[in-house]
Amino acid sequence: MPPSTTSEKGSAPGPAPSQATFRFRCIGCGSVSSSAAQDFRCSQCGNLLEITDSSWNSRNPTALKTLWRERRTLNESIDLSGVWRFREVLPSPQSEQQIVTLREGNTPLYELLQSSRITGVPRLYAKHQGLNPTGSFKDAGMTVAATFARQAGYRWVACASTGNTSASMAAYAARGGMRSLVLVPDGKISWSKLSQALDYGALTCQLRTDFDGCLRLLQELVRKAPVYQLNSINPFRLEGQKTLAYELLEQLDWEPPDHIIVPGGNLGNSSAIGKALLEMLGLGLIPRLPKLSVIQAEGANALVRTLRETEGKHLVSMQPETRATAIRIGNPASWEKAVKVLQATGGACEEVSEIEIAQAKAEIGAEGIGCEPASAVTLAGLKKLLKQGFVKPDETVVLVLTGNLLKDPDYTMEFHRGDLFKGTAQEDQSAKLNPLRHPPVVLDATLDAVIKTLEQADKSDPTLE
Ligand code: F0G
């Protein structure tokens, strides 16, 4: 389907001729265009596109900070959204009525007190994107991309997913009056995420392949059928996800942390955060760049290997395997964008083991915060980066927790029951995680039994030592 700059039904979304100022720029050859093809790839060289807008640079940073803060007291839905609150640095839809929002964003920045003690980093924070409406960071991007899908008159939106994108897309499609098509791997996806897509009314296809296979098929599909793709290849998604960083810096009174650490899967989120940091520096909103580091699971470490083995020049793809199913990806679509932002901010890229992930997840849970396994790679990664001396204990560190604890209850139950590593090569090693387990206790329904259990637990309480 040819690219178009109009909003007529079925066309790829681009700026309205009269008002929109944003453009699509290829990250490879740099060519700029006012429209994008269905697959969101450069028509010249096939690389990914990003959105730019020259009007963003004409803003006064102090006025922007005041405006964004003032909007937190207003009651219009566009101001209640923690994404559209930052609309001066987002692509503008033709009308505010088009905006599809579930009041995403405005997520808390928590101090991690116990993890601070464990790591020896006193200024350690978690930006909890799992507290978005569908329980993951995807909502921040989805509000923007769903808005532009609706504006372009699409009836169907579609994505390949390890679970969270599909849950988010299905919700925003339903809110925007669109149908959604979900392509997920059959197996190795959490029921919790899948059930969200079902409830929000998606047509859900469990394909006998992995995430990378689903994404390949989706890319073919969008060239043949009038469906609008909502994977993070879609640059509107990254514009929305970008606001995570704007909001974080606002929460820190625009004093940049030394480090921001994110999980890496398909690498859209790290690319979006990096884009935001570079923009904020350019706009004069922050005086210096934090280092943005990406952490992957050892069994799904395509970016780690790409940087180690080719210095970021060629993607080293792989057959992924990890219990952190959200990041079970071997052929990340946005790897080049991620390499660029890592290099621009001076960040690191590390991998962590399944045991390290399970331990970090339990530690974040024990703070009364919790997250899904993929998010916990950030704390596990921080420990590694501290050991390597890349992060210094007196620096300020923000971990981006991408998904809610409730996203993967099977993992959590298996961990606490002691089954997570049963029959695996890590079974012996996993014994060291026992003090972090809190399995349920089955008892006779008597007062005596409960009191005895309480007394026993009190005697062995590690917090009293
Ligand atoms: N954390 C969670 C909870 C995720 O769901 C994902 C990706 C990531 C981290 C990695 O982010 O892909 O931008 O590098 N989930 C996608 C999905 C792939 O389909 O839900 P990324």
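Ser190 sits in the loop between β7 (179-185) and α6 (191-199). The model described here is predicted. At 6% relative accessibility, Ser190 counts as buried, because the cut-off for that class is under 20%. Its C-alpha atom is separated by 25 Å from that of Gly240. The two residues are 50 positions apart along the chain.

Lys188 is found in the loop between β7 and α6 as well. Its phi is near 55°. That is a positive value in a residue other than glycine. Lys188 has a relative accessibility of 45% and therefore counts as partly exposed. This β7-α6 loop thus holds a buried residue, Ser190, and a partly exposed one, Lys188.

Asn106 also has a positive phi, about 55°, although it is not a glycine. This residue belongs to the loop between α2 (77-80) and β4 (109-111). With 37% relative accessibility, Asn106 is classed as partly exposed.

A further loop residue is Gln38, placed between β2 (32-33) and β3 (49-53). Its relative accessibility is 8%, so Gln38 counts as buried. The side chain of Gln38 makes a polar contact with the side chain of Tyr154. The distance for this contact is 2.5 Å. Trp68 is 30 residues from Gln38 in sequence. In space, the C-alpha atoms of Gln38 and Trp68 are 33 Å apart.

Two helix residues were examined in the same way. Glu70 lies in helix α1, which spans residues 61-70. Glu70 reaches 48% relative accessibility. It counts as partly exposed, because the exposed class requires over 50%. Between Glu70 and Thr325 there are 39 Å, C-alpha to C-alpha. In sequence, Glu70 and Thr325 are 255 residues apart. Ala449 is part of helix α15 (residues 447-459). At 18% relative accessibility Ala449 counts as buried, because the limit is under 20%. The C-alpha atoms of Ala449 and Glu367 are separated by 28 Å. Along the chain, Ala449 and Glu367 are 82 residues apart.

Attention then turned to the ligand. It is surrounded by 21 residues. The closest are Ser161, Thr162, Asn266, Leu267 and Thr402. By class, this shell has seven nonpolar, 12 polar and two charged residues.

Polar atoms of the protein approach the ligand at several points, including Lys138, Gly268 and Asn269. A polar side-chain atom of Lys138 lies 2.9 Å from a ligand nitrogen atom. From Gly268, a backbone N or O atom lies 3.2 Å from a ligand oxygen atom. A polar backbone atom of Asn269 is 2.8 Å from an oxygen atom of the ligand. Taken alone, the ligand exposes 470 Å². The protein buries 98% of that area.

The space taken by the ligand is the largest cavity. Two elements give two or more residues each to the shell around the ligand. These are α5 (164-175) and α9 (268-283).

Conventions
Residues numbered from 1 in each chain as written. Predicted model: local features only at pLDDT ≥ 70, side-chain atom pairs only at ≥ 80, totals over all residues. Heavy atoms only, no water. Near = heavy atom within 4 Å. Polar contact = N/O pair within 3.5 Å; in protein donor to acceptor, adjacent residues only side chain to side chain. Areas by Shrake-Rupley, 256 points an atom, 1.4 Å probe, with all protein chains shown as cover. 1 Å grid on protein atoms, 1.4 Å probe; cavity = no way out; pocket = protein on both sides within 12 Å on 5 of 7 lines; lining within 4 Å. Sits in = over half its atoms within 2 Å of the grid points. Helix = DSSP H or I, 4+ residues; strand = E, 2+ residues; numbered from the N terminus. Nonpolar A, V, L, I, M, F, W, Y, C, P; charged D, E, K, R; others polar. Buried < 20%, exposed > 50% of the residue type's maximum accessible area, 1.4 Å probe, protein only.
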